[in-house]
Number of protein chains: 2
Amino acid sequence: MFKLSRAGEYALRGVVYIASKNVDDAVHVAEIAKCQNVPEYFLVKVFSRLVRNGIIHSIRGNKGGFRLSKKPENISVYDIITAVEGPLNLNDCFICKNSSKCKMKPVWDEAKEKMMEVLKQHNIADVA
Amino acid sequence: MFKLSRAGEYALRGVVYIASKNVDDAVHVAEIAKCQNVPEYFLVKVFSRLVRNGIIHSIRGNKGGFRLSKKPENISVYDIITAVEGPLNLNDCFICKNSSKCKMKPVWDEAKEKMMEVLKQHNIADVA
DNA sequence: ATATAATAAGACTAATAAGGTCATGTAAGT
DNA sequence: ACTTACATGACCTTATTAGTCTTATTATAT
Ligand code: SF4
Ligand code: SF4
């Protein structure tokens, strides 16, 4: 409950790894997987979501790999997590119908906001 | 990911329900389950954790049921959730070993703190 | 005393979600 | 052409959460 997913964790570590390398050369997913000790195929999938959301940029074919789309200081932890997991929500309120007059939902929403704030405040540069 | 469990949700709704009743009579779990539209046996299990953690008080036998152990305004959302789920943690860091020199863990811890703060600030009285 | 109405505890099963693998396709460099 | 690397989506496996049931315990009412 309230746990960061592996996908999220891997994405973050992967991006940090790329940031640690020379900006000029693309980094292979195989290298990242190996160095970060993460299942390669899984990381491929995670990275594809980062590409689709414009966090990283991919270069296909021989001498291909991944590069950051922006400067590390312009990529927040929040960006990465939501790119991988979609919009955050502590409580979807599928279960009950009184969502409109419910006084608990605002609490969850507030908690989520506070949490998101922290994730937005930290970027790859200061986390690397 | 980052989602409230059903157990947590049910616990909260259950306690709110008890709080809505006359303090003098114990409330049956069967009644709560029915009115809250929640699986009874499951709620029993959830409530037992609340009892063990001193949130509610149980009276066994005929005419038994549950009562709040304290005033609603002294029971926070945080109390209930942790009673049911144990201590919160966004990231256990089982996966990798560099936890000591890791700069991401503090971010998760900070996010958790902010979130916990909100849950601590809200009690059953103002959520009921 | 006994019947009954309630919670306590924990084993068990079912459902869902997360994590991981694989096969096939596409693009780029040599 | 051939090789290397990403793209995509189907598929399988594992872990976690949700839910059920059985047996025991405790208290009350008759
Ligand atoms: S937060 Fe409120 S509306 Fe949402 S599921 Fe819980 S009780 Fe229902
Ligand atoms: S937060 Fe840091 S120490 Fe924890 S799992 Fe992630 S990278 Fe490892």
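**Protein and DNA in a predicted model**

Visitor: What makes the approach of B:Arg60 to DNA strand C a polar contact?

Guide: The model is predicted. In it, a polar side-chain atom of B:Arg60 lies 2.7 Å from a sugar or linking oxygen of strand C. The cut-off for a pair of N or O atoms is 3.5 Å, so the pair qualifies.

Visitor: How do you know that B:His28 and B:Asn62 make polar contacts with DNA strand C as well?

Guide: An N or O atom in the side chain of B:His28 is 3.2 Å from a phosphate oxygen of DNA strand C. B:Asn62 uses a polar backbone atom, 3.3 Å from a base nitrogen of that strand. Both distances are within 3.5 Å, so both pairs count.

Visitor: Which residues come nearest to DNA strand C?

Guide: There are 23 residues around this strand, and A:Lys45, A:Arg60, B:His28, B:Ser58 and B:Arg60 come nearest. The surface near DNA strand C divides into nine nonpolar, eight polar and six charged residues.

Visitor: Why is A:Lys45 called charged, but B:Ser58 polar?

Guide: Lys is on the charged list, and Ser falls among the others, so the two residues are classed as charged and polar.

Visitor: Which part of DNA strand C do the atoms within 4 Å of the protein belong to?

Guide: Sugar or phosphate takes 71% of them, and bases the rest.

Visitor: What makes A:Ser58, A:Asn62 and B:Tyr10 polar contacts of DNA strand D?

Guide: Take the phosphate oxygens of DNA strand D. A polar side-chain atom of A:Ser58 lies 2.7 Å from one, and a polar side-chain atom of B:Tyr10 lies 3.1 Å from one. A:Asn62 offers a polar backbone atom, 3.0 Å from a base oxygen. The limit is 3.5 Å, so each pair passes.

Visitor: Which elements give two or more residues to the surface near DNA strand D?

Guide: From chain A, helix 3, strand 1 (56–59) and strand 2 (65–68); from chain B, helix 1 (6–20) and helix 3. That surface divides into 11 nonpolar, eight polar and five charged residues.

Visitor: Why is B:Leu50 called buried?

Guide: B:Leu50 belongs to the largest nonpolar core, which has 86 residues. Members of such a core are buried, so B:Leu50 has under 20% relative accessible area. Along with A:Phe47, A:Leu50, A:Trp108, B:Phe47 and B:Trp108, B:Leu50 touches the most other members.

Visitor: What is B:Leu50 in contact with, leaving aside its neighbours within four places in sequence?

Guide: B:Ala11, B:Val15, B:Ile55, B:Ile56, B:Ile80, B:Ala83 and B:Val84. Contact means heavy atoms within 4.5 Å, so each of these residues has a heavy atom within that distance of B:Leu50.

Conventions: Residues are numbered from 1 along each chain as its sequence is written. Chains are lettered from A and ligands numbered from 1 in the order in which they are written. This is a predicted model: local features need pLDDT of at least 70, side-chain atom pairs count only at pLDDT 80 or more; totals for chains, interfaces and linings use all residues. Side-chain values use heavy atoms; hydrogens and water are left out. A residue is near a molecule or strand if one of its heavy atoms lies within 4 Å of it. A polar contact is a pair of N or O atoms within 3.5 Å; within protein, one must be able to donate a hydrogen and the other to accept it, and residues adjacent in sequence count only if both atoms are side-chain atoms. A nonpolar core is a set of buried Ala, Val, Leu, Ile, Met, Phe, Trp, Tyr and Cys residues joined through side-chain atoms within 4.5 Å. Buried means under 20% relative accessible area, exposed over 50%, partly exposed in between (1.4 Å probe, protein chains only). Helices (H or I, at least four residues) and strands (E, at least two) are DSSP runs, numbered from the N terminus.
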